[in-house]
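Reader: I would like a close look at a single part of this model, namely how its strands are paired and what surrounds that pairing. Please go slowly and keep the reasoning joined up, because I shall be following along on the screen.

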Amino acid sequence: AATLRERPGLVTDESGRPLARARLQVVGPDRTGLAYTDSEGRFRVRAAFNESGALTASAAGFIAATQQVSGRVEEPVVFQLRQSDTPLPDIERFRAVCCPSDLFTHDGR
């Protein structure tokens, strides 16, 4: 089993304002996970030390962005999403208790 390291993260818009309830999906070699940012745009993801996974952040009205993440470094994972020219419907409502996953940890708020 791969060793996982927890990394903090933040999702903001172009002006640096936090995006609450942005959707995060991580896809690794042998695991996937789904989570949402808190009211201040923060999240925590557990990443494998010796392999990288694709972490995608998306929010209604913004262009999704993807980064490769691993547990090798400890810096926060920061996404700055650009607004989309075409408005996107917000088809996913945030669920307070979301998606059990070994790759995201939650404050339980």
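Author: Two strands are said to pair if DSSP finds at least two bridges between them, and a strand is itself a DSSP run (E, at least two residues), numbered from the N terminus, just as a helix is an H or I run of at least four. The model is predicted, with local features requiring pLDDT of at least 70 and side-chain atom pairs counted only at pLDDT 80 or more, while totals for chains, interfaces and linings use all residues. Residues are numbered from 1 along each chain as its sequence is written, and side-chain values use heavy atoms, leaving out hydrogens and water.

By these rules the protein chain has 0 helices and 7 strands, which gives the pattern β-β-β-β-β-β-β when read along the sequence.

The part to look at is the open sheet of 3 strands, in which the order is 4-1-7 and the pairing is mixed. Strand 4 and strand 7, the latter covering residues 77-81, stand at the edges with a single partner strand each, so that one side of each has no neighbour in the sheet. On one flank, strand 1 (residues 4-13) runs antiparallel to strand 4, the two being joined by 7 bridges; here glycine 9 can be found opposite phenylalanine 43 of strand 4. On the other flank, strand 1 and strand 7 are paired in the parallel sense, over 5 bridges, and valine 11 of this pairing faces phenylalanine 79 in strand 7.

The side chains of the sheet can then be followed along strand 7. In a regular strand, side chains alternate between the two faces of the sheet. Strand 7 shows this alternation, with Val77, Phe79 and Leu81 pointing to one face, where they are buried, and Val78 and Gln80 pointing to the other, where they are not. Buried here means under 20% relative accessible area, with over 50% called exposed and the range in between partly exposed (1.4 Å probe, protein chains only). In the protein chain of 109 residues, 37% are buried.

Threonine 12, which belongs to strand 1, is also one of the residues to inspect, because its relative accessibility of 5% makes it count as buried. Apart from neighbours within four places in sequence, threonine 12 touches Arg17, Pro18 and Leu19 as well as Phe79, Gln80 and Leu81, where contact means heavy atoms within 4.5 Å. For the protein chain as a whole, among contacts with a separation of 6 or more, 59% join residues that are 24 or more positions apart.

Further pairings lie beyond that sheet order, and they can be traced in the same view. Strand 2 and strand 5 (residues 53-58) run antiparallel and are joined by 5 bridges, with alanine 54 in strand 5 serving as the bridge partner of valine 27. Strand 5 in turn pairs with strand 6 (residues 65-69), again over 5 bridges and in the antiparallel sense, and the bridge partner of leucine 55 in strand 6 is glutamine 67. The hairpin made by strand 5 and strand 6 has 6 residues between the strands, and within that hairpin glycine 61 adopts a positive phi near 85°.
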